[in-house]
Amino acid sequence: IDPAFFTKVHPSVFPEIAWLISFPNSGTSYTLEMVRTLSNQTTATNYGKEHLDLNGNSILLHSNWTNGPFRASLLQDLPTHFVLTKTHCGSRCVDCGPDKYLETPRTFQLACEKGDRIIQYSRR
């Protein structure tokens, strides 16, 4: 995620990020789809390959945040105060010992903030 992500943006100008932290494959995508459907407002994700525009590019949530989070839909309005944003925050190691998946508070936060941008189907 770009350093600009941490620049305080006034909520009346642009909404803040609210993380929806979960384990992978635990239903987060379905939850976010339900939120978008019921609210008619977009959500976001740290994973740029989940929602691509017609050219195969990640959809930027904010022009200054080129490495995420990424917008789920251009067809729905941006929420006023907070954008619900999917993240898994690292700790994904399945077949390794605790020394490979334990996180400090700082590495956990960094993993929550990490995103992958897709530009014409290539990872950037």
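1. In this predicted model, Arg36 and Glu33 form a salt bridge whose closest N and O atoms lie 2.7 Å apart. Both residues belong to helix 1, which covers residues 28-39, and they are separated by three residues, about one turn of the helix. The two partners are covered to unlike degrees: Arg36 is buried, with a relative accessible area of 7%, whereas Glu33 is partly exposed, with a relative accessible area of 41%.

2. The count of salt bridges comes to two, and the other pair to consider is Lys86 with Glu50, where the closest N and O atoms are 2.9 Å apart. Lys86 is placed in strand 4 and Glu50 in the loop between strand 2 (44-45) and strand 3 (70-71), so this pair ties together parts that are 36 residues apart in sequence. Lys86 has a relative accessibility of 5% and therefore counts as buried, while Glu50, with a relative accessible area of 33%, is partly exposed.

3. Strand 4 also holds Thr87, which is buried, with a relative accessible area of 0%. The side chain of Thr87 reaches the backbone nitrogen of Cys89 at 3.5 Å, a value that sits at the limit of the cut-off for a polar contact, which is within 3.5 Å. When neighbours within four places in sequence are left aside, the residues in contact with Thr87 are Trp19, Leu20, Ile21, Ser22, Asn46, Tyr47, Ala111 and Cys112.

4. Which residues of helix 3 are buried? In this helix, which runs over residues 105-113, they are Ala111, Cys112 and Glu113. Their cover includes strand 1 (16-21) and strand 4 (82-87), and the contacts of Thr87 with Ala111 and Cys112 can be read alongside this, given that Thr87 is found in strand 4.

5. Helix 3 also contributes to the surface, through Phe108, which is partly exposed, with a relative accessible area of 34%. Together with Trp19 and Ile21, Phe108 makes a nonpolar surface patch of about 260 Å². Trp19 and Ile21 are also among the residues in contact with Thr87, so that these two take part in the patch and also touch a residue that is buried because its relative accessible area of 0% is under the 20% limit.

6. Two backbone details deserve a separate look in the model. A cis peptide bond, with omega about 0°, joins Gly68 and Pro69, and Pro69 is found in the loop between strand 2 and strand 3, the loop in which Glu50 also lies. Asn40 has a phi near 55°, which is a positive value in a residue other than glycine; Asn40 is found in the loop between helix 1 and strand 2 and, at 46% relative accessibility, counts as partly exposed.

7. As for the protein as a whole, there are three helices and six strands, and from the N terminus on the elements run β-α-β-β-β-α-α-β-β. Of the 124 residues, 34% count as buried. Among contacts between residues at least 6 apart in sequence, 72% join residues that are at least 24 apart, and the salt bridge between Lys86 and Glu50 spans parts that are 36 residues apart. The protein exposes about 7,800 Å², of which carbon and sulfur atoms supply 56%.

Terms used
Residues are numbered from 1 along each chain as its sequence is written. This is a predicted model: local features need pLDDT of at least 70, side-chain atom pairs count only at pLDDT 80 or more; totals for chains, interfaces and linings use all residues. Side-chain values use heavy atoms; hydrogens and water are left out. Buried means under 20% relative accessible area, exposed over 50%, partly exposed in between (1.4 Å probe, protein chains only). Helices (H or I, at least four residues) and strands (E, at least two) are DSSP runs, numbered from the N terminus. Contact means heavy atoms within 4.5 Å. A polar contact is a pair of N or O atoms within 3.5 Å; within protein, one must be able to donate a hydrogen and the other to accept it, and residues adjacent in sequence count only if both atoms are side-chain atoms. Patches are made of residues with over 30% relative accessible area and no salt bridge: like charges are joined within 9 Å, nonpolar side chains (Val, Leu, Ile, Met, Phe, Trp, Tyr) within 5 Å. Accessible areas come from the Shrake-Rupley method with a 1.4 Å probe; for residues, only the protein chains shown count as cover. A salt bridge is a side-chain nitrogen of Lys or Arg within 4 Å of a carboxyl oxygen of Asp or Glu.
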